[in-house]
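Here is a short report on one protein chain. It covers the overall fold, the nonpolar cores and one helix pair.

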Amino acid sequence: MSSNSLQPSDEQAKVITGCLMLLSVIALAFVFYITKAVLIPFVIAIFIVTIVTPIVDLLVLKWKMPHIVAISATLLLVLSGGFLLCLVLVYSTQQVIAKAETQYSEKLGIFIGSTFDTAKELGEPKPEEAEESGEDSAAEAEPAIAERPDTTEAPTAPVTPAAPVGSAVREAPIEAQKPPTGWFEKMGVDLNELQKQTTAYMKQSLKEVAFSTMQAALSFTTTSFFVAIFVIFLLAGRDPQAVVKNKLYFEIEQKIRSYISTKLIISLVTGILVGVTLSLFGLELALVFAILTFLLNFIPSVGSLIATLLPIPVAVAQFSDSPWTIAGVILIPGGIQMAIGNGIEPKIMGEGLQLHPVTVLLALSFWTLLWGPIGAILAVPITAGIRIVLMRFESGQTAGNLLAGILPGESTTVA
C-alpha cells in the first residue's frame with residue numbers, strides 16, 4: 001500500500017477544514033458569551049480608537065508633535081464626547097420616567113376608555129335588531145296566553161285563590177320587556193372588566209419601560225467607564241509607524257474606519273432630521289427618539305424599522321384625538337429613513353465591506369444572540385474584520401468568499 005493512499009484528497013481536506021472551523025466558531029462563541037462583560041467594552045474601544053487614530057497620526061507624523069501630547073489631545077476629545085453623550089442619555093431617561101408615570105399614564109387611560117366606549121357603541125344591537133327581538137319575545141308569549149282557561153262559559157264558577165307554580169299563567173309581558181342582548185354579551189365578553197384589566201396592564205407596562213430605560217442608561221454609563229480605560233491604554237500603546245508597516249492591520253483599520261466614519265455621519269444626519277421632524281409635530285421626547293434613531297441606524301436592515309416604530313406609543317398617548325398627526329409622526333420619519341438608507345447610503349458606501357446581505361443578516365442574528373443590542377451594532381464591522389483575516393490565509397479563502405456571497409467553484413475572488 002502506497003503512502004499516497006493515506007493522504008486525504010483535496011475535497012476531504014476542505015471538509016475537514018470546514019468542520020474544524022465550525023467547531024472553532026462554536027468554541028469561540030461560548031468564550032465570547034461568558035466574557036462579554038469585558039469583551040464588549042474592549043471591542044467598542046477598538047472601534048473608537050480606529051475612528052480617532054487619524055488625529056493621532058496627523059499630529060505625530062505630519063505636525064511632528066510629541067506622542068504623549070497627541071494622545072492626550074485625542075483622549076480629551078474622546079472623553080468629552082463620551083461624557084456629553086452620557087449626560088444626554090441621563091437627561092433623556094429622566095424625561096421618559098417622569099412622563100411615563102404621570103402624563104402618559106393618564107392620557108393612556110383616557111385613550112383606552114374612549115376606545116372601549118366606541119366598542120360598546122358598536123356592540124349594541126341596531127334598532128331593527130331590537131324590534132325583531134321584541135317581536136320574537138311577543139311571539140313566544142302568545143302560546144302561554146292561549147293556554148289560559150276560558151272563563152266566559154262558567155261565570156258563576158268559583159275562582160281559585162292562587163295558581164300553582166309552573167302553571168300556564170306566567171309573566172309573559174315581563175319577558176317581552178327584556179332588553180336585547182349586545183354582540184359582546186352574546187360572546188361572553190365583559191367590556192367593563194376587560195377595560196379595567198387593559199388599563200392596569202398598560203400602566204404597569206409603562207412603569208416597566210421606564211424602569212428598563214433607567215437600567216439601560218446606568219448600564220451604558222458603567223460600560224462607558226470601562227471603554228474609556230481601554231481607549232486610554234490602546235492609544236498609549238499605539239505606534240503609528242508600526243501600524244503603517246503592518247499591511248494586514250492597516251487594511252482592517254482602513255476599511256473598518258471608512259465604514260464606521262461613513263455610518264457615523266449618515267446616522268447623525270438621520271437622527272437630526274428625525275428629531276427636527278418630531279419636534280415640528282410637537283412630539284414630546286423628540287430628543288430621546290433622535291438619539292435612539294442615531295444609535296439604531298448602526299443596526300443594518302432592522303434598525304431603521306425599529307426607530308420608526310418606537311414613537312408610536314407616545315404619539316398615540318399624546319395625539320389620541322388627531323389620527324393625521326399620528327400618521328405624520330410615523331410616515332415622515334419612516335420616509336426619511338427609507339430615502340437615506342436605500343438611496344443615499346448605498347451610493348456613499350460604494351463597495352463597502354464586501355459582505356453579502358444574507359451574511360449581514362446572519363451576523364446580525366449571531367452577535368445579537370451573544371451580546372444583545374451592542375452585538376447588533378457591532379455585528380457588521382466585526383464580521384468584516386474576520387473576513388479580511390480569512391482572505392489572507394489559503395485555507396480560509398473559501399469561507400471568506402462565502403461571506404462575500406461567492407460560492408465555491410466561481411473564479412471571481414474578492415480581496
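Contact here means heavy atoms within 4.5 Å.

## Model and overall fold

This is a predicted model. The chain has 17 helices and zero strands. Of its 415 residues, 33% are buried. Among contacts between residues at least 6 apart in sequence, 75% join residues at least 24 apart. The chain exposes about 26000 Å², and carbon and sulfur atoms supply 68% of that area.

## Nonpolar cores

The largest nonpolar core holds 36 residues. Phe47, Val231, Leu235, Trp367, Trp371, Leu378 and Ile382 touch the most other members. Six helices give two or more residues each to this core: H2 (36-62), H3 (67-101), H8 (191-236), H10 (247-280), H15 (357-371) and H16 (373-390). H2 gives the most, with ten residues.

Another core lies apart from this one. That second core has 16 residues, including Ile266, Ala315, Phe319 and Val329.

## Around Trp367

Leaving aside neighbours within four places in sequence, Trp367 is in contact with Phe32, Gly372, Gly375 and Ala376. Its contacts also include Ala379, Ile382, Thr383 and Ile386.

## The H10–H16 pair

H10 and H16 pack at an angle of about 155 degrees. Their axes are 10 Å apart. Angles over 145 degrees count as roughly antiparallel, so H10 is roughly antiparallel to H16. H10 passes H16 in a right-handed crossing.

Which residues meet between the two helices? From H10 come Leu248, Glu251, Ile252, Lys255, Ile256 and Tyr259. From H16 come Val380, Pro381, Gly385, Ile388 and Val389.

Methods
Residues numbered from 1 in each chain as written. Predicted model: local features only at pLDDT ≥ 70, side-chain atom pairs only at ≥ 80, totals over all residues. Heavy atoms only, no water. Helix = DSSP H or I, 4+ residues; strand = E, 2+ residues; numbered from the N terminus. Buried < 20%, exposed > 50% of the residue type's maximum accessible area, 1.4 Å probe, protein only. Areas by Shrake-Rupley, 256 points an atom, 1.4 Å probe, with all protein chains shown as cover. Core = buried A, V, L, I, M, F, W, Y, C linked by side-chain atoms within 4.5 Å. Axes fitted to C-alpha atoms, helices over the stretch in contact; angles between N-to-C directions. Parallel < 35°, antiparallel > 145°, perpendicular 65-115°, else oblique. Left-handed = near helix turned anticlockwise from the far one by under 90°.
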